[in-house]
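This briefing addresses the cysteines, the nonpolar cores, the overall form and one loop residue of the structure shown below.

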Amino acid sequence: LDEKIWLTLSFGIIMIFMLITGYQAFALEMGPPSHNEILDPQKVDETAPFDEPGIKQIGEKEYEVVMTLQVFSFTPMELEIPAGSTVHFTLTSKDVVHGFQVANTNINAMVMPGHIQKISQKFSEPGEYLVLCNEYCGAGHQLMSTTITVK
Ligand code: CUA
């Protein structure tokens, strides 16, 4: 009898784990709603705000970064902000699906052509933050990186 209880218990636990994992995969699949703004990927250069990519101060220790991703670079290439700043990124891709991952932060996003991706992040610690494309985007994918300098 004891053995049966143990078997039932462990089976139950496995089922619960599978349900949790399944739910998490489902929730991730749905993604954040910020994926849903749509623009014409052929006309990124002519579409605000992407007609003027760059960094803009919008408040005390608050910045807005408009960035395009394309094989195999980020525009603008270099970013510098004071420590303690919050940065609001507005991103899109001009060609294929790219990734936007910033080391030592929680930023890890997909940037898709035709979609606007918005992410906000506070950079408290000074340092050089490595920015990587983490979606395979072609022959130069592994070269696609830049840095955010926090001073
Ligand atoms: Cu862009 Cu990989």
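Cys133 is buried in this predicted model, with a relative accessible area of 6%. Cys137 is buried as well, because its relative accessible area of 11% falls under the 20% limit. The disulfide count is nevertheless zero.

**Cysteines**
- A disulfide is a covalent bond between the sulfur atoms of two cysteines.
- The criterion applied here requires a pair of cysteine sulfur atoms within 2.5 Å, and the count under that rule is zero disulfides.

**Nonpolar cores**
- In soluble globular proteins, nonpolar side chains tend to be buried together.
- The largest nonpolar core holds 25 residues, of which Phe89, Phe100, Phe123 and Ile148 touch the most other members.
- At least two residues of this core are supplied by each of β3 (62–70), β5 (78–81), β6 (85–93), β7 (98–102), β8 (108–111), β9 (115–123), β10 (127–132) and β11 (145–150).
- Strand β3 gives the largest share of this core, namely four residues.
- A second, separate core has five residues, among them Leu39, Val44, Phe50 and Ile116.
- Beyond its neighbours within four places in sequence, Ile148 is in contact with Leu79, Ile81, Phe89, Val102, Phe123, Gly127, Glu128, Tyr129 and Val131.

**Overall form**
- The protein contains one helix and eleven strands, and the order from the N terminus is α-β-β-β-β-β-β-β-β-β-β-β.
- The radius of gyration is 20 Å, well over the 15 Å given by the globule rule for 151 residues, so the protein is more spread out than a compact globule.
- Along the principal axes, the C-alpha trace spans about 70 × 35 × 30 Å.
- Of the 151 residues, 34% are buried.
- Among contacts with a separation of 6 or more, 60% are between residues 24 or more positions apart.
- The accessible surface amounts to about 9500 Å², and carbon and sulfur atoms account for 60% of that area.

**Asp51 and its surroundings**
- Asp51 lies in the loop between β1 (37–38) and β2 (54–59).
- Asp51 is partly exposed, because its relative accessible area of 38% lies between the 20% and 50% limits.
- Apart from neighbours within four places in sequence, Asp51 is in contact with Val44, Asp45 and Glu46; of these, Val44 is also included in the second core.
- The C-alpha atoms of Asp51 and Thr68 are separated by 9.7 Å, with the two positions 17 residues apart along the chain as the sequence separation.

Methods:
Residues numbered from 1 in each chain as written. Predicted model: local features only at pLDDT ≥ 70, side-chain atom pairs only at ≥ 80, totals over all residues. Heavy atoms only, no water. Buried < 20%, exposed > 50% of the residue type's maximum accessible area, 1.4 Å probe, protein only. Contact = heavy atoms within 4.5 Å. Core = buried A, V, L, I, M, F, W, Y, C linked by side-chain atoms within 4.5 Å. Rg over C-alpha atoms; globule rule 2.2 N^0.38 Å. Areas by Shrake-Rupley, 256 points an atom, 1.4 Å probe, with all protein chains shown as cover.
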